[in-house]
Amino acid sequence: MGVLKHYKELLPITPATPNVNLEEGNTPLIFLPRVSERLEIKLYGKFEGCNPSGSFKDRGMVLAVAKALEDGKRAVICASTGNTSASAAAYAASQGIPCFVLLPAGKVALGKLAQALMYGAKVIAVKGNFDRALELAREGAEKTGCAMVNSVNPYRLIGQRSGAWEICDVLGKAPDWHAIPVGNAGNISAYWAGYNEYKKLGKINNLPRMMGFQAEGAAPLVFNKPCPNPETIATAIRIGNPVSAHLARAAVSESGGEFNSVTDEEILAAQKILAAEGGVFAEPASCAPLAGLIKLKKLGKLPEGITVTMILTGNGLKDPDTAMSQVGKPIEINDTLEDLMKVLEHD
Ligand code: F0G
């Protein structure tokens, strides 16, 4: 039924809010038996890649676009490492309004770029990083009156709380640990707010430790200072100066959680494990939490038997280039049974 309808009591919906809906949300919380066994925990992946534009961004974008329309705005603008732009473009298309997206030139995964272009957004490649593109988008929004739909738009983070509510609705409680990739630091803040709201409403009795994971080359929250030249293969979280850093720090300290960094190699190894032992294909940034859990396990810092939910923020299909660089090629054969049997018997 979509996030706006499903959680209408918890969202700032008025009779004047248009019912924007791409059937986002209600994504599967997948128990991962083999990876759980490896880590000696109960591990669930919330597969946000099942959202209509293939990432968690749709949860907040649906509300941001609905409220923009309610406020009389007639165009949206955002900067993005890829997923926000795909989501903004999808919702703008569904409402017939223009969408302008600013992307760091050459640093956006192919699938995301294809999405924004297919949905009909005006795609602007900025010769600079995401942080600079975001500054420009904010200035552009101010000058033109376009609705800014990055997570500086408060409705984005309010809509993203729905992920926490869904987890609690399924588990009947909050997990012990909530593991999540951190880029611009909005999602970790939204989840923390969502869990707290559910606790206040008496729907859960516990709160999770918020465990945020960043890529080593783009880890301003781990090293506690902005990173002027962020670099990582996980382009979704290639961000050096997160706008919601203050909220994310509060979430981690209030919950007794931690920020940790993982290397690109650890991220890629985790992506392979998630696919080959979990049956779930998530994009590199989404695999930073699993990489982090594996690292913490090695360090003896992962308590046995705990329930962990990790947010698999985006679909693996969005970044086919990175995936193909990590795996072998198909085995080519002539179209004969003899050739086929050689392969089948070899395995
Ligand atoms: N995972 C994915 C797949 C993302 O696309 C993002 C952010 C994050 C994690 C981090 O979430 O920013 O709330 O801490 N992508 C943004 C974008 C920046 O433009 O698509 P965050």
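**Ligand site, parallel sheet and positive-phi residues**

In this predicted model, a polar side-chain atom of Lys 57 is placed 2.9 Å from a nitrogen atom of the ligand. Two further polar contacts involve ligand oxygen. The side chain of Asn 83 has an N or O atom 2.8 Å from an oxygen atom of the ligand. At Gly 186 the backbone takes this role, with a polar atom 3.2 Å from an oxygen atom of the ligand. The ligand on its own would expose 470 Å², of which the protein buries 98%. The site of the ligand is the largest cavity.

The shell around the ligand comprises 21 residues. Those that come nearest are Ser 80, Thr 84, Asn 184, Ala 185 and Thr 313. Sorted by class, the shell contains 11 polar, 8 nonpolar and 2 charged residues. Two helices each provide at least two members of this shell, namely helix 4, spanning residues 83-95, and helix 9, spanning residues 186-200. Asn 83, whose side chain lies 2.8 Å from a ligand oxygen, falls within the range of helix 4 (83-95). Gly 186, whose backbone lies 3.2 Å from a ligand oxygen, falls within the range of helix 9 (186-200).

The model also contains an open sheet of 4 strands, arranged in the order 5-4-3-6 with parallel pairing. Strand 5 (122-126) and strand 6 (147-148) form the edges, each being paired on one side only. In general, the strands of a sheet pair through backbone hydrogen bonds, in either a parallel or an antiparallel manner. Between strand 3, residues 76-79, and strand 4, residues 99-104, the parallel pairing extends over 4 bridges. One residue pair in this sheet is Cys 78 and its bridge partner Val 101, the latter located in strand 4.

Backbone geometry was examined in the loop that links helix 1 (3-6) to strand 1 (29-31), where Glu 23 is found. Most residues other than glycine have a negative phi. Glu 23 has a positive phi, near 60°, although the residue is not glycine. Asn 26 is located in the loop between helix 1 and strand 1 as well. The phi of Asn 26 is likewise positive, with a value near 50°, again in a residue other than glycine.

Key
Residues are numbered from 1 along each chain as its sequence is written. This is a predicted model: local features need pLDDT of at least 70, side-chain atom pairs count only at pLDDT 80 or more; totals for chains, interfaces and linings use all residues. Side-chain values use heavy atoms; hydrogens and water are left out. A residue is near a molecule or strand if one of its heavy atoms lies within 4 Å of it. A polar contact is a pair of N or O atoms within 3.5 Å; within protein, one must be able to donate a hydrogen and the other to accept it, and residues adjacent in sequence count only if both atoms are side-chain atoms. Accessible areas come from the Shrake-Rupley method with a 1.4 Å probe; for residues, only the protein chains shown count as cover. On a 1 Å grid over the protein atoms alone, a cavity is a set of points where a 1.4 Å probe fits but cannot get out, and a pocket is an open set with protein on both sides within 12 Å along at least five of seven lines; lining residues have an atom within 4 Å of a point. A molecule sits in a cavity or pocket if more than half of its atoms lie within 2 Å of its grid points. Ala, Val, Leu, Ile, Met, Phe, Trp, Tyr, Cys and Pro count as nonpolar, Asp, Glu, Lys and Arg as charged, and the others, Gly among them, as polar. Two strands pair if DSSP finds at least two bridges between them.
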